[in-house]
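Trainee: I should like to learn how buried side chains and pockets are read from a model. Could we work through an example together?

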Amino acid sequence: MSVKSGQLQSPTETAERPVRWWIKRIGHRRLTEIHPIDIERGLGELRRTPKAKPRAGKDPGAGVEKRSASTLNRYLRAVSAVLQDYTYENGGLDFNPARLVKRNP
């Protein structure tokens, strides 16, 4: 479990957040219409979006925290998992377009 705003969050809630984020960005499109460039643009948008709140123990006036590479990779893994499931389960995709997107170092 993780803590946010003094409340416990279940691992499921934490894991679902990236999927919900992607649904807001590209959920209106068919999975067959999603290309690597769409995923790269989404990650670029996420990278430019500052965190909502500073981490505990950080000075709130110290500046805006950027998204970490692990956060960006977690969002990439989330969209990749959905596309991979669709590739194998339905045969709807010839390949997973997220696999062509480079991970963040």
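**Reading burial, contacts and a pocket**

Mentor: Let us begin with a single residue of this predicted model. T87 has a relative accessible area of 11%, and because buried means under 20%, T87 counts as buried. T87 belongs to helix α3, which covers residues 69–90.

Trainee: Which backbone atom lies 2.8 Å from a polar atom of the side chain of T87?

Mentor: That atom is the backbone oxygen of L83. Residues up to four places away in sequence aside, T87 touches G92, L93, D94, F95 and N96.

Trainee: Is N104 buried or exposed?

Mentor: N104 is buried, with a relative accessibility of 16%. N104 sits in the segment after α3. Its side chain makes a polar contact of 2.8 Å with the side chain of R47. When neighbours within four places in sequence are set aside, N104 is in contact with R47, A69, L72 and N73.

Trainee: How is empty space found, and what volume does the second largest pocket have?

Mentor: In general, a probe the size of a water molecule is rolled over the atoms to show where empty space is left. Here, the second largest pocket has a volume of about 170 Å³. The elements giving two or more residues to its lining are α1 (11–26) and α2 (36–48), and α1 supplies the largest share, five residues.

Trainee: Which residues line the second largest pocket?

Mentor: The lining consists of R17, R20, W21, K24, R25, E45, L46, T49, R67 and Y75. By character, three are nonpolar, one is polar and six are charged.

Notes:
Residues are numbered from 1 along each chain as its sequence is written. This is a predicted model: local features need pLDDT of at least 70, side-chain atom pairs count only at pLDDT 80 or more; totals for chains, interfaces and linings use all residues. Side-chain values use heavy atoms; hydrogens and water are left out. On a 1 Å grid over the protein atoms alone, a cavity is a set of points where a 1.4 Å probe fits but cannot get out, and a pocket is an open set with protein on both sides within 12 Å along at least five of seven lines; lining residues have an atom within 4 Å of a point. Grid points are joined across faces, edges and corners, and a volume is the space filled by probe spheres set on the points. Helices (H or I, at least four residues) and strands (E, at least two) are DSSP runs, numbered from the N terminus. Ala, Val, Leu, Ile, Met, Phe, Trp, Tyr, Cys and Pro count as nonpolar, Asp, Glu, Lys and Arg as charged, and the others, Gly among them, as polar. Buried means under 20% relative accessible area, exposed over 50%, partly exposed in between (1.4 Å probe, protein chains only). A polar contact is a pair of N or O atoms within 3.5 Å; within protein, one must be able to donate a hydrogen and the other to accept it, and residues adjacent in sequence count only if both atoms are side-chain atoms. Contact means heavy atoms within 4.5 Å.
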